[in-house]
Amino acid sequence: MSITGSRWRRTRACQAALVGLTLAALAACGSGSGTSNASSSDALAVPQPGSAEAKTVKGTVNWWGWSPGVSVAPLYVKAFNEAYPNIKVNFKFYDYNQYSPALRTGVGSPSGPDVFDLEPGGIARQYGRFGTDLTPLAQKVLGSDWKDKLSPLGADAFTQDGKLKALSVGSGGAGTLVINKTLFDRWGLKPPTTLDEWVSTCKAIKAKGKTCFVHGAKDAWVNRDLIQAISNSIAPGKFAKAVQGQAKWTDPDLVQALSVYRSLFGNGIMQPGAAGITQYNDAQNKFMAQDAAMIMQGTWELGNYKAQAQTAGIKSAGVSSPKPFVEQLVPLPDVAGKGNKPYLFGDPDFGLTVNARSKNQRAANIFVAWYTLTKQGQQVVADQYTQVPSLKGITPATQGLVDPSVQVTSLRNLGTQVQNATEHRQVAYPDLMTAIGDAASALASGSKTPQAAAQDLQTASDGVSR
Amino acid sequence: MKTVALTRHRHEQSTLTQHRAGRAAKGSAPHGPRRNNVAGYLYVAPAVLVVVGIVYFAIVYTLRISVLDWDGLSPDPVAVGLDNYVRLVEDAVFWRSLGHMAMFALAVLVQMALGLGFAILLHSGVRAKTLYKVLLFLPVVLAPAVMAPVFRQIFDADGQLNTMLRAVGLDALAHPWLADPSTALYALITINVWQWTGFSFVLYYAGLTQVDASLIEAARIDGAGNWRVISSLLIPLTRGTTVTLAILGVIGTIKTFDIPYLVTGGGPARSTEVLATYLYQQGITDFHVGYGAALTVVLMIMSLVLTVSQVRRFKLGSEA
């Protein structure tokens, strides 16, 4: 039975989803639907950045998001205001874990955002409906072949029912480890390429009194990345197929992937107590403080190729006199000896959506277009290194690297790989995402066998409505 | 006698005056009392609005959405009757969460006993009392969000607890406390006891300051030792505090969220999941708002039942 009467719609005006006394505290009243059509021709009029017309456009854009963070967002706003000085952008930052609850209450509210961050996967699925279709904007700015000019991951991740609900700012790729090359070189070690090499490398590193591979297995996302990477080294693409319901989680290749993942907790690779710490910031701090020589991170870690950013990161990890060291992203070892070529899987780090309820549609469109579709905006993205720009043909500046002899090549190779990646990293189905996290946690703690964990995943997958 | 008569006379006069004033008000100004009533309503209106508008509305709204299959955003929720409650009964994680909460509830006894012990110690002649009081109460005011990373570090495999154990030759006990499902819950309970013992201490200490010193002195003269004074005098005389702490402790247990959420996130392998973290996951992370609401309703009923039963058990109303 479906409740569709006007009474319900009135109640829905309180989008706050007051799940109860606990959840009610997170809620606030909003109103109305989020499906109005805002794509008038006026709203799509985007003057060239820096042009005389661009300087006359006035407006205010309230932008909500968890990324690019409070320290980096002002860089974008400043660069944007050089091109459009009379559009004021207010960035409201939310901690990632608080973003979805905040958006739930704010997106339909009159005091909600004009532009908001959207993450591929579950968040895009839930909140994409509140955004305008940005296809006309992309066509207007880049032409009819706009898709060819952007990374395929972006458009794919944010297209819902044929409508482009967000424009990708930039993408991140996973499936890599980060090594402390300074320590590796000092001890005469090479990045491991097989499971056996990984184990022996860890023995050597431990003999030096350091943690080999630090992993925050309390966080489901990093376990998911690791399992997907392991799975891809066994049977490329099968994990992604299982997410889409096109392969069984009980498939022997996936069970083997879960077995290999579990073995990492007992063969000396994973540090003891991994399941009790977070990737951010517990594990990352250990790596930045050079207490650990390896960590699982993706291309978002490229930001630490820059000496300035890395120094700040080391200081945040509690090191009083931070000295930069050389980080290098390397592929996950061929953990099952299958000989498959490692590759990156990824997604847009985030996309920008224009709220269909925004009263500042033109200013919002201009901001989103500048950020995601213009060379000026995308160059700022590229130069941060944390994301690979969505617009093709943008090359990051390479000043300020810790060790250009190693890192320039790495930066460019990984950038190309991310821009050409086609396998998604995010899971669009919250129940399955939770189930993968539960399975990883159970395997890490040894409370389930790989077969039982695979069966749990299949049960969760069977219950997902795709 | 004369004084009593005079007092009675004044009281009668005062009553008479009030009575006359009331009649006069009725006769000459018929709208006066009503105006006073309106003013009264206006005074309480903000509080009533807040309570009804937020708390009771939320309760009714929660009851309503607990019978829906809804993601919290869709304009077309589906009514599913009592399906969410049936699912709840069959949900192993729900029952496990209840078991974990029961463990937290038992730990309330520990923090009360510790609080009473510290209060008795500090109530006797101890030097640097103020310093001890501050140290004991400090955990109560420290934000769990601040302390969570600290405790993850302390209980880590290479953390301070294990370092200390190894330093005193107890290597065999060193353990990744939060990473092991068999110990993670106890680690969290320890944090909880650490956090709330100071609260028990303050209430007991306040209770002990109300105990007549002559009673203790008389007991001592009669030959009562320390244990006898504590068991026969101090514990019975602070019964009201005990009841208050027990009720607050149980309610606090039911609402436990921050420490498990921040320190372990309910893991590993759901070994520290409590009802509040589970309903947060269901309602917020997984977008099962209807099911999350059903869990909330259960949480609310548990709070009510336990509070009422405790009040009755301890006959709180008749104590005065």
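**Two chains, one predicted model**

Let me start with a helix. Helix 19 of chain A, residues 404–420, lies across three strands of chain A: strand 6, strand 11 (345–354) and strand 12. Its direction makes about 115° with strand 6 of chain A. Keep in mind that this is a predicted model.

Now the sheet under discussion. It is an open sheet of 6 strands in chain A. The order is 2-1-3-11-6-12, and the pairing is mixed. Which strands stand at the edges? Strand 2 (87–93) and strand 12 (388–389) of chain A do. Each has a single partner strand, so one side of each has no neighbour in the sheet.

Let me stay with strand 12 of chain A. Strand 6 of chain A, residues 167–174, is joined to strand 12 of chain A by 2 bridges. The two run antiparallel. On that pairing, G170(A) is opposite P389(A) of strand 12 of chain A.

Next, chain A as a whole. It has 21 helices and 12 strands. Its radius of gyration is 23 Å, close to the 23 Å from the globule rule for 466 residues, so chain A is as compact as a globular protein of that length. The C-alpha trace of chain A spans about 65 × 60 × 40 Å along its principal axes. How many of the 466 residues of chain A count as buried? The share is 53%. Now contacts in chain A between residues at least 6 apart in sequence. Of these, 78% join residues at least 24 apart.

On to domains. Chain A is divided in two. Domain 1 of chain A takes residues 12–172 and 349–389. Domain 2 of chain A takes 176–343 and 426–462. Taken over C-alpha atoms, the centres of the two domains of chain A are 31 Å apart. Where they touch, 12 residues of domain 1 of chain A are in contact with 13 residues of domain 2 of chain A. On the domain 1 side of chain A, the touching residues are 3 nonpolar, 6 polar and 3 charged.

One strand deserves a closer look. That is strand 7 of chain A, residues 176–180. Is it buried or exposed? Of its 5 residues, 5 are buried, so strand 7 of chain A is largely enclosed by the rest of the structure. T176(A), V178(A) and N180(A) point one way. L177(A) and I179(A) point the other way.

Which strands does strand 7 of chain A pair with? One is strand 10 of chain A, residues 327–331, in the antiparallel sense over 5 bridges. There, T176(A) stands opposite P331(A). Another is strand 9 of chain A, residues 292–296, also antiparallel, over 3 bridges. In that pairing, V178(A) has I295(A) as its bridge partner.

Last, chain B. Its secondary structure comes to 15 helices and 2 strands. Of its 320 residues, 32% are buried. Take the contacts in chain B with a separation of 6 or more. Residues 24 or more positions apart account for 68% of them.

One helix of chain B to finish. In helix 13 of chain B, residues 275–285, 10 of the 11 residues are buried, so the helix is largely enclosed by the rest of the structure. Among the buried ones are L275(B), Y278(B), Y280(B) and I284(B). G283(B) is buried too. Just after helix 13 of chain B comes F287(B), with a positive phi of about 60°.

Key
Residues are numbered from 1 along each chain as its sequence is written. Chains are lettered from A and ligands numbered from 1 in the order in which they are written. This is a predicted model: local features need pLDDT of at least 70, side-chain atom pairs count only at pLDDT 80 or more; totals for chains, interfaces and linings use all residues. A residue is buried if 20 or more other C-beta atoms lie within 10 Å of its own, exposed if 12 or fewer, and partly exposed in between; C-beta atoms are placed from the backbone. Helices (H or I, at least four residues) and strands (E, at least two) are DSSP runs, numbered from the N terminus. Two strands pair if DSSP finds at least two bridges between them. Two residues are in contact if their C-beta atoms, placed from the backbone, lie within 7 Å. Axes are lines fitted to C-alpha atoms, for helices over the stretch in contact, and angles run from 0 to 180 degrees between N-to-C directions. Domain bounds come from an automatic or database domain assignment. Ala, Val, Leu, Ile, Met, Phe, Trp, Tyr, Cys and Pro count as nonpolar, Asp, Glu, Lys and Arg as charged, and the others, Gly among them, as polar. The radius of gyration is taken over C-alpha atoms; the globule rule is 2.2 Å times the number of residues to the power 0.38.
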